[in-house]
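This briefing goes through the fold, the helix packing, the charged pairs and the aromatic contacts of one protein chain. Please keep the sequence and the 3D view at hand while reading.

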Amino acid sequence: MYSHQHPATDRPSYAGYLRIPELTSLQHPLTPPDDPRTFRAEHFFITIHQCSELLLRQVILELDAAVECLATPDGDVEDWLESVGRAIDCMVALRQQAEPLGRLPVECFAAFRQRLGTASGAQSAHFHRLWTILGMNGDGPGPLFEGYLRLLDRSGRDLGDLVASGLRGDPMFRMSQALAELAQGVWSWQTTHVHVVTRMIGDCPGTGGTTGLEYLTSRLRMPFPELWAARAETHVRHAQYLGGHVETHSSHAKTYGVPVA
């Protein structure tokens with residue numbers, strides 16, 4: 001019988017602590033083993049998506065903690081920054097591990113994709129929960145950014161003034177920078193997914209009944225549009241101060257933010 005304890009001590013073993021036997025028993029390709037090349041490709045596909053779900057779960061855990069940090073007036077900003085920082089790291093890992101999916105041999109992917117039925121990443125509960133936290137469902141700024149705005153309001157400060165100040169030692173400015181970095185991580189993960197889908201299936205419909213690539217591109221969103229509008233306004237303020245002129249496209253900033261110069 002498998003034991004979670006190291007045989008020579010009463011402490012957990014490495015395999016026991018990480019539940020390695022259970023973890024490595026969760027990949028069940030639908031491809032018959034007598035097609036080993038496609039079997040391995042599908043095993044890789046499953047592994048990447050399972051890792052993505054674990055990382056998304058961690059992002060949600062961190063962002064829920066960040067929301068809780070600001071739920072009361074005496075919330076710990078440093079704890080908030082720690083949680084959001086770890087969520088940013090997870091978003092980087094999500095993007096990086098999505099990239100290799102684009103290198104799956106297309107003939108192998110086509111061979112096992114038809115076995116997936118209606119299973120689709122669009123059904124991911126973790127994905128939908130993250131979009132809710134970030135306010136990306138079109139029903140408000142979301143609890144993470146709402147908490148930050150409440151903190152700003154209690155301090156009597158304006159988001160545009162804060163962003164334009166550039167005071168790196170200011171905790172609330174550091175929070176705005178962390179939110180921007182998180183938003184960029186989410187955006188990069190989305191666009192990487194679009195690139196992978198473009199390479200792998202082109203204009204084919206999605207397995208979940210969506211239009212595939214068209215559906216994904218229509219749902220591209222930059223979190224926290226108010227923050228990106230404030231960052232764009234900083235350029236306007238500096239141009240006015242220097243006697244110059246900067247034209248901003250407000251409709252673009254409102255929908256997607258201004259992620260690049």
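Which residues form one aromatic cluster? The cluster consists of Phe45, Phe109 and Phe112, and the notes below, which concern a predicted model, place these rings in the setting of the helices that carry them. The protein chain contains 12 helices and zero strands, and much of what follows deals with how some of these helices meet.

**Overall composition**

- Read from the N terminus on, the elements of the protein chain run α-α-α-α-α-α-α-α-α-α-α-α, in keeping with the count of 12 helices and zero strands.
- Of the 261 residues in the protein chain, 37% are buried.
- The accessible surface of the protein chain amounts to about 15000 Å², and carbon and sulfur atoms account for 56% of that area.
- Among the contacts in the protein chain with a separation of 6 or more, 67% are between residues 24 or more positions apart.

**Where α3 meets α5**

- The helices α3 and α5 pack at an angle of about 80°, and their axes are 9 Å apart; because angles of 65 to 115 degrees count as roughly perpendicular, α3 and α5 are described as roughly perpendicular to each other.
- On the α3 side the contact is made by Arg37, Thr38, Ala41, Glu42 and Phe45, while α5 contributes Glu107, Cys108, Phe109, Ala111 and Phe112.
- The three members of the aromatic cluster, Phe45, Phe109 and Phe112, are also among the residues that make this helix contact.
- By the rule for ring pairs, the structure has eight aromatic pairs.
- A charged pair is found here as well, since the side chains of Arg37 and Glu107 meet in a salt bridge with an N to O distance of 2.9 Å.
- Arg37 lies in helix α3 (residues 36-69) and Glu107 in helix α5 (residues 106-113), so this salt bridge ties together parts that are 70 residues apart in sequence.
- Both partners are partly exposed, Arg37 having a relative accessibility of 43% and Glu107 a relative accessible area of 44%.

**Other salt bridges**

- The structure holds eight salt bridges, one of which is formed by the side chains of Asp64 and Arg129, at 2.8 Å from N to O.
- Because Asp64 lies in helix α3 and Arg129 in helix α6 (residues 125-134), their pairing ties together parts that are 65 residues apart in sequence.
- Asp64 is partly exposed, with a relative accessible area of 30%, and Arg129 is likewise partly exposed, with a value of 34%.
- Glu78 forms a salt bridge with Arg174, in which the closest N and O atoms are 3.1 Å apart.
- This pair links distant parts of the chain, with Glu78 in helix α4 (residues 77-98) and Arg174 in helix α9 (residues 171-201), 96 residues apart.
- Glu78 is partly exposed, at a relative accessible area of 43%, and Arg174 is partly exposed too, at 33%.
- Glu62, Glu82 and Arg86 belong to one network, joined by salt bridges that share partners.

**Further contacts between α4 and α9**

- Val92 is located in helix α4 and is partly exposed, with a relative accessible area of 34%.
- Val92 and Trp189 are 97 residues apart in sequence, yet their C-alpha atoms are 7.6 Å apart in space.
- Thr192 has its place in helix α9 and counts as buried, because its relative accessible area of 9% falls under the cut-off of 20%.
- Once its neighbours within four places in sequence are left aside, Thr192 is in contact with Arg95, Ala98 and Glu99.

**Where α6 meets α7**

- The helices α6 and α7 (residues 142-155 for α7) pack at an angle of about 20°, with their axes 3 Å apart, and this angle makes α6 roughly parallel to α7.
- In this contact Thr132, Ile133 and Leu134 of α6 meet Gly142, Pro143 and Leu144 of α7.

Technical notes
Residues are numbered from 1 along each chain as its sequence is written. Side-chain values use heavy atoms; hydrogens and water are left out. Rings of Phe, Tyr and Trp (its six-membered ring) pair if their centres lie within 6.5 Å; planes under 30 degrees apart count as stacked, over 60 as edge-to-face and the rest as tilted. Helices (H or I, at least four residues) and strands (E, at least two) are DSSP runs, numbered from the N terminus. Buried means under 20% relative accessible area, exposed over 50%, partly exposed in between (1.4 Å probe, protein chains only). Contact means heavy atoms within 4.5 Å. Accessible areas come from the Shrake-Rupley method with a 1.4 Å probe; for residues, only the protein chains shown count as cover. A salt bridge is a side-chain nitrogen of Lys or Arg within 4 Å of a carboxyl oxygen of Asp or Glu. Axes are lines fitted to C-alpha atoms, for helices over the stretch in contact, and angles run from 0 to 180 degrees between N-to-C directions. Angles under 35 degrees count as roughly parallel, over 145 as roughly antiparallel, 65 to 115 as roughly perpendicular and the rest as oblique.
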